[in-house]
Amino acid sequence: MPVLQSGRIDIAFSNTVSTLQAIEQGLDATILAPGAVVRSAPPDTTTALIVRKGEVSTLKGLEGKRVAANVINSSAWLHAVAALDAHGVDRTKVRFTEVPFPQMNDPLLNGQIDAVVQVEPFRSALMATDKAEILSWTYVESAPNSDITQYIALAPWVEKNRATAAKFARAVIKGAEFANANEAATRDINQQFTNLNPALKDKVLLPQLGTAVNVAETARTMELMRKYGLLKAPIDVSKRVLALP
């Protein structure tokens with residue numbers, strides 16, 4: 001966000017939590033196009049709350065346990081807390097600790113932590129060990145169909161470069177439509193650009209990509225943020241979305 005604010009880049013790829021927090025803090029941002037979208041039912045590429053097999057059978061059983069999230073007060077943390085609350089878990093009794101997604105699996109399997117809030121492709125690698133099980137698909141439970149990520153730009157830049165901004169947005173949407181309809185080709189592209197382990201190329205779940213900014217579901221995420229202290233006041237998201245001609 002600071003790099004975008006400084007003008008050193010024109011467009012940034014962000015997540016909904018960071019985008020809304022930046023706007024509240026004064027970033028004059030316009031949402032150009034959506035990124036990934038939460039599926040309405042599992043499995044999904046968004047976070048799953050995972051434990052070692054046979055040790056914890058319910059979310060309630062996580063009280064008093066150590067749970068790893070990539071960043072506390074982040075998007076992944078937010079939806080994990082919302083899922084815990086929905087199952088009657090006293091989240092003050094859950095000990096969250098910060099561990100980056102790529103480094104989560106080994107501490108879980110070694111018993112250093114009791115649960116992880118994990119995403120693809122690291123979740124697929126973890127589940128392939130046959131030593132872990134999923135207790136909750138946290139995003140799917142708390143915010144199905146919501147936008148996880150989006151492309152944003154500063155509003156003054158959009159005003160000066162409206163044609164370019166619109167072309168970029170249409171290109172993103174066209175790419176999303178292609179990816180959603182052409183799984184095999186998208187898997188090849190995914191491996192090419194991410195250097196994914198070839199053994200996982202056809203195993204990891206691909207994200208569902210949005211083709212329009214979901215204002216209503218973004219507002220729902222905003223309400224979750226307000227509930228758990230990540231946002232102070234509501235934001236009119238509808239006034240922040242680029243209108244395509």
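Which residues do ring pairs link into a cluster? In this predicted model, the cluster consists of Phe13, Tyr151 and Phe168, linked by ring pairs.

**Aromatic pairs**

The count of aromatic pairs comes to three. One of them joins Phe13 and Tyr151 in a tilted arrangement, with 4.7 Å from centre to centre and 45° between the planes. This pair links distant parts of the chain: Phe13 belongs to strand 1 (residues 11-15) and Tyr151 to strand 9 (residues 149-154), and 138 residues separate the two. Tyr151 is partly exposed, its relative accessible area being 23%.

Another pair, between Trp77 and Phe96, is edge-to-face, with a centre-to-centre distance of 6.3 Å and planes 65° apart. Here too distant parts of the chain are linked, since Trp77 lies in helix 3 (residues 75-86) and Phe96 in strand 6 (residues 95-98), 19 residues apart. Trp77 counts as buried because its relative accessibility, 6%, is under 20%. Phe96 counts as buried as well, at 17% relative accessibility.

The table sets out the accessibility of four residues discussed in this report.

| Residue | Relative accessibility | Class |
|---|---|---|
| Tyr151 | 23% | partly exposed |
| Trp77 | 6% | buried |
| Phe96 | 17% | buried |
| Asp44 | 0% | buried |

**The nonpolar core**

Trp77 and Phe96 also appear in the description of the largest nonpolar core, which has 66 residues. Together with Leu62, Leu78, Leu84 and Val116, they touch the most other members of this core. Helix 3 gives the most to the core, contributing seven residues. Trp77, itself a residue of helix 3, has contacts beyond its neighbours within four places in sequence: Ala69, Val71, Ile72, Arg91, Phe96, Tyr228 and Leu230. The ring partner Phe96 is thus included among these contacts.

**The surroundings of Asp44**

Asp44 is located in the loop that runs between strand 3 (36-37) and strand 4 (48-52). Is this loop residue buried or exposed? Asp44 counts as buried, because its relative accessibility of 0% falls under 20%. Its side chain makes a polar contact of 2.9 Å with the side chain of Arg39. When neighbours within four places in sequence are left aside, Asp44 is in contact with Val37, Val38, Arg39, Arg123, Trp137, Val140 and Leu205. Arg39 is therefore both a polar partner of Asp44, at 2.9 Å, and one of the residues in this contact list, around a side chain whose residue counts as buried.

Conventions
Residues are numbered from 1 along each chain as its sequence is written. This is a predicted model: local features need pLDDT of at least 70, side-chain atom pairs count only at pLDDT 80 or more; totals for chains, interfaces and linings use all residues. Side-chain values use heavy atoms; hydrogens and water are left out. Rings of Phe, Tyr and Trp (its six-membered ring) pair if their centres lie within 6.5 Å; planes under 30 degrees apart count as stacked, over 60 as edge-to-face and the rest as tilted. Helices (H or I, at least four residues) and strands (E, at least two) are DSSP runs, numbered from the N terminus. Buried means under 20% relative accessible area, exposed over 50%, partly exposed in between (1.4 Å probe, protein chains only). A polar contact is a pair of N or O atoms within 3.5 Å; within protein, one must be able to donate a hydrogen and the other to accept it, and residues adjacent in sequence count only if both atoms are side-chain atoms. Contact means heavy atoms within 4.5 Å. A nonpolar core is a set of buried Ala, Val, Leu, Ile, Met, Phe, Trp, Tyr and Cys residues joined through side-chain atoms within 4.5 Å.
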